[in-house]
Amino acid sequence: EPIIRNKLNNEVNLILCGHTLGGLIRIPKIGPIIKKDYSENFLNDTYEQNQIKMYISSGIGTENINFRFNNMPSINLYRFYNYS
């Protein structure tokens, strides 16, 4: 699992990221076989480390090839509530 580094301060507990396409072609039990160069460490949609949660969208498009397999496009909706 990739390391999520908190470079801001100890108060950060949520990171929302733009899409990495999640690997355009994903094979069950193997994982993504075609992926973007800069997204090799973050191919899943959620990560958590040291109580920091990170959510990544797989996006809606493609790159280089106009094809996706076993990787549904996604548009994420987040709701924030103030409980104070």
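Here is a short tour of this protein chain, from its overall make-up down to a few individual side chains. The model is predicted. The protein chain has 84 residues, of which 27% count as buried. Its secondary structure consists of five strands and zero helices, giving the pattern β-β-β-β-β when read along the sequence.

**Overall make-up**
- About 6,800 Å² of the protein chain is exposed, and 51% of that area is supplied by carbon and sulfur atoms.
- If you look at contacts with a sequence separation of 6 or more, 55% of them link residues that are 24 or more positions apart.

**The sheet**
- Three strands make up an open sheet with mixed pairing, in the order β1-β5-β4.
- The edges are taken by β1 (14-17) and β4 (46-49); each has a single partner strand, so one side of each has no neighbour in the sheet.
- From one strand to the next, the twist averages 15°.
- Strand β5 covers residues 52-56 and runs parallel to β1, with four bridges joining the two.
- To find your way around this pairing, look for Leu14, which stands opposite Lys53 in β5.

**Arg68 and its surroundings**
- Arg68 sits in the segment after β5.
- Is Arg68 buried or exposed? Its relative accessible area is 16%, which is under the 20% cut-off, so Arg68 counts as buried.
- The side chain of Arg68 reaches two backbone oxygens: that of Ser58 at 3.1 Å, and that of Asn71, which lies 3.0 Å from a polar atom of the Arg68 side chain.
- Leaving aside residues up to four places away in sequence, Arg68 touches Leu21, Leu24, Ser58, Gly59, Ile60, Gly61, Thr62 and Pro73.
- Ser58 therefore appears twice for Arg68, as a residue it touches and as the owner of a backbone oxygen that its side chain reaches.

**Aromatic pairs**
- The count of aromatic pairs comes to two.
- One pair is formed by Tyr55 and Tyr78, whose rings are tilted, with 5.9 Å from centre to centre and 55° between the planes.
- Which parts of the chain does the pair of Tyr55 and Tyr78 tie together? Tyr55 belongs to strand β5 and Tyr78 to the segment after β5, so the pair ties together parts 23 residues apart in sequence.
- Tyr55 counts as partly exposed, at 29% relative accessibility.
- Tyr78 is also partly exposed, with a relative accessible area of 33%.

Notes:
Residues are numbered from 1 along each chain as its sequence is written. This is a predicted model: local features need pLDDT of at least 70, side-chain atom pairs count only at pLDDT 80 or more; totals for chains, interfaces and linings use all residues. Side-chain values use heavy atoms; hydrogens and water are left out. Two strands pair if DSSP finds at least two bridges between them. Axes are lines fitted to C-alpha atoms, for helices over the stretch in contact, and angles run from 0 to 180 degrees between N-to-C directions. Buried means under 20% relative accessible area, exposed over 50%, partly exposed in between (1.4 Å probe, protein chains only). A polar contact is a pair of N or O atoms within 3.5 Å; within protein, one must be able to donate a hydrogen and the other to accept it, and residues adjacent in sequence count only if both atoms are side-chain atoms. Contact means heavy atoms within 4.5 Å. Rings of Phe, Tyr and Trp (its six-membered ring) pair if their centres lie within 6.5 Å; planes under 30 degrees apart count as stacked, over 60 as edge-to-face and the rest as tilted. Accessible areas come from the Shrake-Rupley method with a 1.4 Å probe; for residues, only the protein chains shown count as cover.
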